[in-house]
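Colleague: I am new to this structure and would like to learn how to read its features one at a time. Could we go through them slowly?

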Amino acid sequence: MVSTDNENRRRTRAIALADRYPASRQILEFYAALIGFDSDWPTLRARLLEIAPEPMQRAAALQQQPQGIFLRILSRLNPTKITPQQNNECPNCGNLPQCAVLREEGQGHSLFLVCSACTHEWNFPRSECPACLMTDEKRLGFYTAEQFPHVQTLLCETCRSYLHIIHCGVDPQAIPDVDELACTPLDIWAMEQGYTKLVPNLAGL
Ligand SMILES: [Zn+2]
Ligand SMILES: [Zn+2]
């Protein structure tokens, strides 16, 4: 298997984050082992039996047809294309965003959503909820934690959804959908408050 520069960069970032955030170490190391892997379920299952965390190995061994998290892994390895209907769906493949990224542009910052299937990024208004598309800014909240200086968790009081925003200006090494996997403590906080992530990540969070 030959790795591209992009795959190498993702693997390096995942391993660096695994060192920095012990609560997410297992999923980041698992993600790093899956990078560049493109396959069908029988082949993926054989690979999971080698590299997945123990409980996932047991689940994979039992499934003749992929379900739950395994379907999510396969859909990321082989994204299906659907026609986008609204502005929170990826213009490239039609899937919903995994997270958002704030990038410096000119004098200010622009917000982009990051596709959960193909990692394509597209511009999105900062005053709109990426889940229910309501546009009342007063109903959007932000949660931050000291150990994640480059992450803000966007909370919608209308639909009780949440999504992490990665600030590339604060950490230029960040790769939005990889850094999103490191946010386990923020996920636990948000779920304890009764919020639901728009799309669960590889860890099912
Ligand atoms: Zn996409
Ligand atoms: Zn909402």
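Modeller: Let us begin with what counts as a donor: an N, O or S atom within 2.8 Å of the metal, when the metal is not Na, K or Ca. Please keep in mind throughout that this is a predicted model.

Colleague: With that cut-off in hand, which residues are the protein donors of the zinc ion (ligand 1)?

Modeller: The zinc ion (ligand 1) is held through the SG atoms of Cys 90, Cys 93, Cys 115 and Cys 118, which lie 2.2 to 2.4 Å from the ion. Along the chain, these donors follow the spacing C-x2-C-x21-C-x2-C. Cys 93 sits in the loop between α5 (69–77) and β1 (97–105), while Cys 115 belongs to strand β2 (residues 108–115), so the pair ties together parts that are 22 residues apart in sequence.

Colleague: How should I read the angles at such a site, and what is the arrangement of the donor atoms of the zinc ion (ligand 1)?

Modeller: The general idea is that four tetrahedral donors have ideal angles of 109.5 degrees at the metal. Here the four donor atoms of the zinc ion (ligand 1) give angles of 97 to 118°, and the site is tetrahedral.

Colleague: Which residues coordinate the zinc ion (ligand 2)?

Modeller: For the zinc ion (ligand 2), the coordinating atoms are the SG atoms of Cys 129, Cys 132, Cys 156 and Cys 159, at 2.3 Å. The angles subtended by its four donor atoms run from 104 to 114°, which makes this arrangement tetrahedral. The sequence spacing of its donor residues is C-x2-C-x23-C-x2-C. Because Cys 132 is in the loop between β3 (121–123) and β4 (140–143) and Cys 159 is in the loop between β5 (151–156) and β6 (161–167), the pair ties together parts that are 27 residues apart in sequence.

Colleague: Turning to the helices, how does one describe a packed pair, and at what angle do α1 and α2 pack?

Modeller: Two packed helices are described by the angle between their axes and by the distance between those axes. Helix α1 (residues 5–20) packs against helix α2 (residues 25–34) at about 165°, and their axes are 8 Å apart. The two helices α1 and α2 are therefore roughly antiparallel, and α1 passes α2 in a left-handed crossing. By class, this contact of α1 with α2 has seven nonpolar, no polar and five charged residues.

Colleague: Is the crossing of α2 and α3 left-handed or right-handed?

Modeller: The crossing of α2 and α3 is right-handed. The axes of α2 and helix α3 (residues 41–51) come within 11 Å and cross at roughly 140°, and α2 and α3 are therefore oblique to each other. In the contact, Phe 30, Ala 33 and Leu 34 of α2 meet Leu 44, Arg 47, Leu 48 and Ile 51 of α3.

Colleague: And how far apart are the axes of α3 and α4?

Modeller: The axes of α3 and helix α4 (residues 54–62) are 8 Å apart, with a packing angle of about 150°; α3 and α4 are therefore roughly antiparallel, and their crossing is left-handed. On the α3 side the contact includes Trp 41 and Arg 45, and on the α4 side Met 56 and Gln 57 are among the residues taking part. The residues of this contact of α3 with α4 divide into seven nonpolar, one polar and two charged.

Notes. Residues numbered from 1 in each chain as written. Chains lettered and ligands numbered in written order. Predicted model: local features only at pLDDT ≥ 70, side-chain atom pairs only at ≥ 80, totals over all residues. Heavy atoms only, no water. Axes fitted to C-alpha atoms, helices over the stretch in contact; angles between N-to-C directions. Helix = DSSP H or I, 4+ residues; strand = E, 2+ residues; numbered from the N terminus. Parallel < 35°, antiparallel > 145°, perpendicular 65-115°, else oblique. Left-handed = near helix turned anticlockwise from the far one by under 90°. Nonpolar A, V, L, I, M, F, W, Y, C, P; charged D, E, K, R; others polar. Donors = N, O, S within 2.8 Å, 3.2 Å for Na, K, Ca; no water. Tetrahedral: all angles 85-135°; square planar, octahedral: opposite > 155°, others 65-115°. Contact = heavy atoms within 4.5 Å.
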